[in-house]
Amino acid sequence: MTVTVRLPGALRDLADGARALEVEVAGQATIRTLLDTLGTRWPAIERRIRDETGALRQHVNVFVGEMNVRDLGGQDADLADGAEVHVIPAVSGG
Amino acid sequence: MLVSGWVHTAAMTVLLAIGTRKGLWLARSDDRRSWQLEGPQFPMQEVPSCAIDTRGGRARLLVGAKSWHWGPGVLHSDDLGVTWSEPEAGAVKFPEGEDAAVKAIWQLKPDTADRPGVVWAGSEPSALWRSTDGGETFSLVRGLWEHPHRLTWEPGFGGQAVHTVLPHPVDDARVLVAMSTGGVYVTEDGGESWNPSNTGIKAYFLPDPWPEYGQCVHKVARDLVEPERLFAQNHHGVYRSDDGGKSWTSIADGLPSDFGFPVVVHPAAPNTAWVVPLVADGHRFPPDNALQVWRTADGGESWTSTSSGLPESYFAAVMRDAFTPDDVADAPGLYVGGRDGSVYASPDGGDSWSEVVRHLPDVLCVRAASLP
């Protein structure tokens, strides 16, 4: 299935300027398999979303539609074909 | 040799790298008194570590940057900061299966000229990393990571990190690291095995103030002429070792305080070191509320304030890596940055100081070198 990953400005340079990436995921996609697949083509993007243990970085939010994946069971959340996933830096800091 | 007054040196340009809580600034000077400043680079990223590697007749800049959103990285530049590179997969990361993630790079240390390409990194969590390609990629030094003490090292206020890496200039099997807390550890077999090396360093905050390890060592510097001699600024306590860290002796007498974070050594003269005291753990302001740099030229037997030109109304602290010498052997420059975002430079070993910049974000690290 195909999932659209919408990137924040800070990561677009790592995707040759693209605002969104179309990612083909084999089988039933989850956030985890989506990011695994993303990492094979765009490792510099994936490692900014997840650390080397595979955990989502603390101050990065990933939304499926309007829902934060942390409220959907984390990276095991299922994705539908055509889903839009937004990567958005958390509002934090000073 | 320390030279008083205005110092005349051969034509040279000194590059000063200033890592702050919100980016990197670079400054250049031909006389170490007037500076051209550029920055920020890596805006909004913490830069707790940087290095200027001038081995091999070229200058490579290394930066340990940390985005609070996107994680840490080590980047390098071979064109003095015009462009930066980093492997797509990252330069420093724990191997699969370790269930640990690098939070920040606290130290970047090029090895000696005799070991081209070797660069060391210290990270949070406390781990040591070694690069053989000039700092482009690093491998975990497993001997320290798998040390049975590791799980009992406690994080200091800033985190649990290896903040000091001192390879031995003659024997490449010997490396010293320091961490807060944990203290000093040394290897004599190239990193396979590590032993605590804290005899004589007090840990007043523990029930047993003289433990084998667990000390809060803030910074260690190795004498570049007599490499068995080391200087340590502790969380209360200033020490010297004459045996490569096997034992430590207090050299705090003569200082206004034994608390502080950095300690640095002369690039070419033995027994010469500088510290930047703070009053105490519970009162982290400079003595007399004046930024003070103190120098010893006799291995800590005596100390002299070398603070002419430094601000006399100053309430900021100087972090462990925000104080550095440059590499001008006959007339070393010194550079000190504070959490108030100011940086001061001395072209004469501390005899006189002038402002490089003020109002930057909190200064976390400074490094300086004459450009090849």
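**Sheet architecture and chain contacts in the predicted model**

In chain A, five strands form an open sheet of mixed pairing in the order β2-β1-β5-β3-β4, where strands are DSSP runs of E of at least two residues and helices runs of H or I of at least four, both numbered from the N terminus, and where two strands pair if DSSP finds at least two bridges between them. The edges are occupied by β2 (20-24) and β4 (67-68) of chain A, each with a single partner strand, so one side of each lacks a neighbour in the sheet. Helix α2 (residues 31-41) of chain A packs on this sheet, where it touches β1 (2-6), β2, β3 and β5 of chain A, and its direction makes about 105° with that of β2(A); axes are lines fitted to C-alpha atoms, for helices over the stretch in contact, and angles between N-to-C directions run from 0 to 180 degrees. Strands β3 (residues 60-64) and β5 (residues 84-89) of chain A run antiparallel and are joined by five bridges, with A:V60 opposite A:P89.

This is a predicted model, in which local features need pLDDT of at least 70 and side-chain atom pairs count only at pLDDT 80 or more, whereas totals for chains, interfaces and linings use all residues. Residues are numbered from 1 along each chain as its sequence is written, and chains are lettered from A and ligands numbered from 1 in the order in which they are written.

Chain A comprises three helices and five strands, which follow the pattern β-α-β-α-α-β-β-β along the sequence. Between the chains, 12 residues of chain B are in contact (C-beta atoms, placed from the backbone, within 7 Å) with 15 residues of chain A.

Key. Two residues are in contact if their C-beta atoms, placed from the backbone, lie within 7 Å.
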